[in-house]
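Colleague: Could you take me through one part of this model in some detail? I'd like to hear about the pockets, and what lies around them.

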Amino acid sequence: MAASVGRTLGKMVVQEFTVDLNEPLVFQVGHLEERYQEWVHQPIVSKEGPRFFGNNVLEFLTRTKWWAVPTIWLPVVCWLLVKSIRMGHSIQEVALMALFGVFIWTLIEYTLHRFLFHIDTKTYWANTAHYLLHGCHHKHPMDSLRLVFPPTATAILCVPFWKLVAFFATPTTTPALFGGGLLGYVMYDCTHYYLHHGQPSKDPAKNLKRYHLNHHFRVQDKGFGITSSLWDYVFGTLPPSKTTGKNN
């Protein structure tokens with residue numbers, strides 16, 4: 001019998017990448033590759049958010065106080081509505097167009113949240129982009145400075161959305177419709193912040209908070225509506241009402 005040489009053939013131990021929470025995170029998370037989705041959906045409940053970038057300017061641009069959203073965008077909404085009135089539409093007509101814009105926003109909100117914010121990623125750059133877009137919110141859901149969309153990014157996205165509305169609408173109705181959609185966005189971001197940091201004592205706000213936190217901590221592939229559960233009901237993504245199983 002040949003003597004055993006005690007050697008291992010073709011075997012190499014590779015240490016799995018571990019995210020260092022004390023270092024800027026954005027350019028780390030991509031290295032998790034296939035393990036990223038599991039990692040990002042294990043929330044860390046802390047009011048202190050992580051650092052994203054080593055660069056102070058980039059880091060500053062990722063942090064936004066909630067009140068910046070209504071302060072910046074509500075005057076724009078008012079200007080757009082007044083613009084349609086000055087173009088010949090009555091206040092009642094503009095109000096109806098604005099309400100329609102808000103309604104369309106709720107569908108956009110649901111669609112983006114379900115199909116873009118919760119896209120399954122595995123590669124380095126896809127993971128990095130997803131973390132910046134929405135993954136950071138699921139990993140650190142109580143980070144108060146990253147609960148609303150940065151105004152710079154919103155301003156950039158307004159351009160293609162304006163062009164899209166203008167393609168379907170007339171020159172005089174475009175401002176009111178877009179203003180309504182922008183108002184819907186403001187309502188969405190402020191509601192989202194309140195659901196995480198407010199303490200509602202009565203419905204519907206209390207139920208909506210429960211509904212959204214359920215999305216974060218129990219059934220993360222259901223309950224994509226933020227301002228309402230309407231589209232979850234329409235498209236069959238309502239979460240189960242109760243946790244199955246027994247509590248012993």
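Modeller: First, what counts here: a pocket is an open set of grid points where a 1.4 Å probe fits, with protein on both sides within 12 Å along at least five of seven lines, and its volume is the space filled by probe spheres set on the points. Keep in mind that this is a predicted model. On those terms, the largest pocket comes out at about 1300 Å³. It has 46 lining residues, and Trp105, Leu112, Phe149, Leu157 and Tyr185 sit closest to its centre. Two or more lining residues come from each of α3 (56-61), α5, α6 (124-139), α7 (151-168) and α8, with α7 giving the largest share, ten residues. Sorted by class, the lining has 34 nonpolar, nine polar and three charged residues.

Now the second largest pocket, at about 190 Å³. Its lining includes Phe60, Leu61, Arg63 and Lys65, along with Pro150 and Pro151. Here α3 and α7 are the elements that give two or more residues, and the class split is five nonpolar, two polar and two charged.

Tyr185 also turns up in the largest nonpolar core, as one of the members that touch the most others, and so do Trp73, Cys158 and Leu182. That core draws two or more residues from α4 (68-86) and from α8 (174-197), and α8 gives the most, seven. Within it, Leu182 reaches Trp73, Val76, Val77, Leu80 and Cys158.

Back on α5, which spans residues 91-116, there's Thr106. Thr106 is buried, at 16% relative accessible area, and its side chain makes a 2.9 Å polar contact with that of Trp231.

Conventions. Residues numbered from 1 in each chain as written. Predicted model: local features only at pLDDT ≥ 70, side-chain atom pairs only at ≥ 80, totals over all residues. Heavy atoms only, no water. Core = buried A, V, L, I, M, F, W, Y, C linked by side-chain atoms within 4.5 Å. Buried < 20%, exposed > 50% of the residue type's maximum accessible area, 1.4 Å probe, protein only. Helix = DSSP H or I, 4+ residues; strand = E, 2+ residues; numbered from the N terminus. Contact = heavy atoms within 4.5 Å. Polar contact = N/O pair within 3.5 Å; in protein donor to acceptor, adjacent residues only side chain to side chain. 1 Å grid on protein atoms, 1.4 Å probe; cavity = no way out; pocket = protein on both sides within 12 Å on 5 of 7 lines; lining within 4 Å. Nonpolar A, V, L, I, M, F, W, Y, C, P; charged D, E, K, R; others polar. Lists of a residue's contacts leave out its neighbours within four places in sequence.
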